[in-house]
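Hi,

Here is the structure I promised to send over. Have a look at it, and then read on for my notes.

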Amino acid sequence: MIPRVNTRLVETLAAVNNQRRLQILAWLKYPTRHFPPQVEGDLVKDGVCGLLIAEKLGVSQPTVSEHMRLLVRSGLVRAKRIKQWTFYRRDERRITAFTRALRRDL
């Protein structure tokens with residue numbers, strides 16, 4: 001009998017199966033070390049503006065939006081709208097749950 005697969009775990013693994021997304025997660029862990037102060041939103045409380053992430057990665061805004069969409073859908077990152085901008089920050093509780101599930105299921 002084939003064991004039941006944790007679909008949430010599989011979706012999250014797919015989200016982190018990319019060097020750029022792993023880099024984004026690392027930067028978001030300590031946003032004040034990796035990003036300049038923002039005009040709108042606090043780097044820690046509100047998250048990092050998607051535009052700053054795109055600039056740091058050296059990619060277009062639509063490209064970073066797709067990376068962030070996958071990270072948000074996986075639950076590892078939260079998105080917050082302020083005016084016309086989207087800000088992103090890590091969801092440490094979900095990241096901890098993911099690492100526990102990874103240890104338990106693998």
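Below is what turned up, starting with the core.

This is a predicted model: local features need pLDDT of at least 70, side-chain atom pairs count only at pLDDT 80 or more, and totals for chains, interfaces and linings use all residues. Residues are numbered from 1 along each chain as its sequence is written, and side-chain values use heavy atoms, with hydrogens and water left out.

The largest nonpolar core (buried Ala, Val, Leu, Ile, Met, Phe, Trp, Tyr and Cys residues joined through side-chain atoms within 4.5 Å) has 27 residues. Those touching the most other members are Ile24, Leu28, Ile53, Val64, Met68 and Val77. Two or more residues come from each of α1 (7-16), α2 (19-29), β1 (48-49), α4 (50-57), α5 (61-74), β2 (77-82), β3 (85-90) and α6 (92-105). Helices (H or I, at least four residues) and strands (E, at least two) are DSSP runs, numbered from the N terminus.

Beyond four places in sequence, the contacts (heavy atoms within 4.5 Å) of Val77 include Leu25, Leu28, Met68 and Tyr88.

Arg21, in helix α2, is buried at 9% relative accessible area; buried means under 20%, exposed over 50% and partly exposed in between (1.4 Å probe, protein chains only). Leaving out neighbours within four places, Arg21 contacts Ala14, Ala15, His67, Leu70 and Leu71.

Lys83 sits in the loop between β2 and β3 and is exposed, at 61% relative accessibility. Its phi is positive, near 55 degrees; most residues other than glycine have a negative phi.

Best wishes
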